[in-house]
Amino acid sequence: MKKILVTGSNGQIGVELVRHLRGIYGDSNVTASDINKPSVSDEGPFAVLDVCDGKAVAEFLEGSKVDCVVHLAGILSAKAETNPQLAWNVNANGLYTVLEAARARGCSLFFPSSIAAFGPASPQKNTPQDTIQRPTTIYGVAKVAGELLCDYYHLKYGMDTRGVRFPGLISYAALPGGGTTDYAVHIYYKAVAEGKYTSYIAKGSFMDMMYMPDALGAVVQLMEADPKKLIHRNAFNISAMSFDPEGIAASIRKILPDFKLSYDVDPKRQAIADSWPDSLDCSAARDEWGFSPSFDLDAMTKDMLQRVPKP
Ligand code: AKB
């Protein structure tokens, strides 16, 4: 049985991925870790771990006999722009530190890249798996560096590194913090609580998105994929849908017909959204490891509106 360490486990993905992995590999085989203690503890082990502290990470991997690291710790796009130096340290240096510790112990490593690894010079529609990547955010720059670093560790050291480019992820268990795509989560909370939402992203801004259950499934599917079938190792484009604020509002109105959408566009987050693709080509993920999300926009809306906490 795999022994897994998840870094950044208090974040939007971490909270749900730890539960999902524990359901598959067993509570005691999945250690959650973050720089802060979680506000609510689940079953299973937890460690306070700073991903920039190489000695602490190496000692932990050795002491706990970990053989697989799921490295989620990082600062999201909009927050990263408020402190690029900190964002580079956590997102790029943190990955390097964890890669080095994982290499020394012979661990495999999963690293989430993002649609943010593309930029204004990338093709905006049906963005290919392999194409020009000149991001204009520090978050995107660190993601490209991370993709390349993970490929390098595989080529140079034979390390089993794997990863995807996540789109905006929508979930009800934990809120995202500091991302550009967060509006697509907040809109459901506000729809349920107030029947209305003011979007900081403009009408007509399309971005890739995916429902969290599909994201969790994709992580495990890629980690368990037959390495012989993988032409790429890292940074597979994955997405389940692409919509703008009008599209998600129309989907909500099929269930809550009186839902109202207005706009108060935030120029900073809008500029980030404008630099990202409208829609990704996910054929490499489909062909190499069978990526196949189950939730489309309406199925996700139905589930979200049933599950987001009522005030
Ligand atoms: C963000 O908006 O920063 C993230 C992402 C797409 O990587 N959700």
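Reader: How do the residues of the shell around the ligand divide into nonpolar, polar and charged?

Author: This is a predicted model, by the way. The shell splits into 4 nonpolar, 5 polar and no charged residues. Gly counts as polar here, so Gly-179, one of the residues around the ligand, goes on the polar side.

Reader: What makes the Tyr-139 pair a polar contact?

Author: An oxygen atom of the ligand is 2.7 Å from an N or O atom in the Tyr-139 side chain. The cut-off is 3.5 Å for a pair of N or O atoms, so this pair qualifies.

Reader: And which ligand atoms pair with Thr-180 and Thr-181?

Author: For Thr-180, a polar backbone atom has a ligand oxygen 2.7 Å away. With Thr-181, a polar side-chain atom lies 2.9 Å from a ligand nitrogen. Taken alone, the ligand exposes 250 Å², and the protein buries 94% of that.

Reader: Where does the ligand sit?

Author: In the largest pocket. To sit in a pocket, more than half of a molecule's atoms must lie within 2 Å of its grid points, so the ligand passes that test.

Reader: Which domains does the shell draw on?

Author: Domain 1 (4–167 + 210–237) and domain 2 (173–208 + 241–276 + 295–307) each give at least three residues. Their C-alpha centres lie 25 Å apart.

Reader: How many residues does the contact take from each domain?

Author: The contact takes 23 residues from domain 1 and 23 from domain 2. Contact means heavy atoms within 4.5 Å, so it can coexist with centres 25 Å apart.

Terms used:
Residues numbered from 1 in each chain as written. Predicted model: local features only at pLDDT ≥ 70, side-chain atom pairs only at ≥ 80, totals over all residues. Heavy atoms only, no water. Near = heavy atom within 4 Å. Polar contact = N/O pair within 3.5 Å; in protein donor to acceptor, adjacent residues only side chain to side chain. Areas by Shrake-Rupley, 256 points an atom, 1.4 Å probe, with all protein chains shown as cover. 1 Å grid on protein atoms, 1.4 Å probe; cavity = no way out; pocket = protein on both sides within 12 Å on 5 of 7 lines; lining within 4 Å. Domains from an automatic or database assignment.
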